[in-house]
Amino acid sequence: MNENGLPFKIRRLEAKDIPAVTSIDRLVFHDPWPESAYVQELYFNPNAHYFVLQLTPAMPTHSWAERRAAMASQIVGFVGVRVEMERGHISTLAMRPEWRGWGLGEMLLHTALEQAIHSGAHTVALEVRVSNAVAQNLYAKYDFVVVSQLRGYYADGEDAYYMRANVEGQAYYSYLQQRRALLEYRFKPQPANIT
């Protein structure tokens, strides 16, 4: 457990994390970024903010494959957001496949949105594959709406939806805080019910 009682921590990307991040990138995406792209973002783009989700030893695992994957790399996901002027853009968000469905990707999205707001963004945009309904549903939870469809956006020819959310104002920030509290509650160990 970390100091917040959560079985993981989300922290800023460091140079030592780039091999783990590129490994996840190759595992998850059809057209992964090269390692040099992360080096460029980390060292030469002052508008870029990247975060990794790192497991702590208490994260529950249900199979030997999951335990082995966790031991091989404690980093199981990452997110990147760029903010220029009042516009944020989520450049990447990825989770190792065996760790999907736990709400960890949502924690990363939440982190990126908070960073964008903190950096002065009024809107945040992203691209998502038209076939990726799970991601689209997650983004819709945070008020992202489809603005346009980008034909042949991905290297394999698949289209993307360009989605955008208005993140300015106290109401949106309050909503983010409520979502974070709910997510953290899911991950914190609950006291045993003794009767």
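**Exercise 1. The largest nonpolar core**

Task: In this predicted model, determine which residues of the largest nonpolar core touch the most other members, and which element gives the most to this core.

Solution. Step 1: The largest nonpolar core holds 37 residues, and those touching the most other members are Ile90, Leu113, Tyr139, Tyr142 and Phe144.
Step 2: At least two core residues each come from strands E2 (48-55), E3 (75-84), E4 (87-95), E5 (123-129) and E7 (160-166), and likewise from helices H4 (104-118), H5 (133-141) and H6 (170-187).
Step 3: With 7 residues, H4 gives the most to this core.

**Exercise 2. The surroundings of Ile90**

Task: List the residues that Ile90 touches, not counting residues up to four places away in sequence.

Solution. Step 1: Set aside the residues up to four places away in sequence.
Step 2: Ile90 then touches Val79, Gly80, Val81, Leu109, Ala112, Val124, Ala125, Leu126 and Phe144.
Step 3: Separate from the core of Exercise 1 is a second core of 12 residues, with Leu13, Ile18, Ala20 and Tyr38 among them.

**Exercise 3. The pairing of H1 and H2**

Task: Classify the mutual orientation of helices H1 and H2, and describe their contact by residue class.

Solution. Step 1: The axes of H1 (residues 18-28) and H2 (residues 35-44) come within 9 Å and cross at roughly 130°.
Step 2: Angles over 145 degrees count as roughly antiparallel and those of 65 to 115 as roughly perpendicular; H1 and H2 are therefore oblique to each other.
Step 3: Their crossing is right-handed.
Step 4: H1 makes the contact through Ile18, Pro19, Val21, Thr22 and Asp25, and H2 through Glu35, Tyr38, Val39 and Leu42.
Step 5: By class, the contact comprises 6 nonpolar, 1 polar and 2 charged residues.

Methods:
Residues are numbered from 1 along each chain as its sequence is written. This is a predicted model: local features need pLDDT of at least 70, side-chain atom pairs count only at pLDDT 80 or more; totals for chains, interfaces and linings use all residues. Side-chain values use heavy atoms; hydrogens and water are left out. A nonpolar core is a set of buried Ala, Val, Leu, Ile, Met, Phe, Trp, Tyr and Cys residues joined through side-chain atoms within 4.5 Å. Buried means under 20% relative accessible area, exposed over 50%, partly exposed in between (1.4 Å probe, protein chains only). Helices (H or I, at least four residues) and strands (E, at least two) are DSSP runs, numbered from the N terminus. Contact means heavy atoms within 4.5 Å. Axes are lines fitted to C-alpha atoms, for helices over the stretch in contact, and angles run from 0 to 180 degrees between N-to-C directions. Angles under 35 degrees count as roughly parallel, over 145 as roughly antiparallel, 65 to 115 as roughly perpendicular and the rest as oblique. A crossing is left-handed if the near helix is turned anticlockwise from the far one by less than a right angle, and right-handed if clockwise. Ala, Val, Leu, Ile, Met, Phe, Trp, Tyr, Cys and Pro count as nonpolar, Asp, Glu, Lys and Arg as charged, and the others, Gly among them, as polar.
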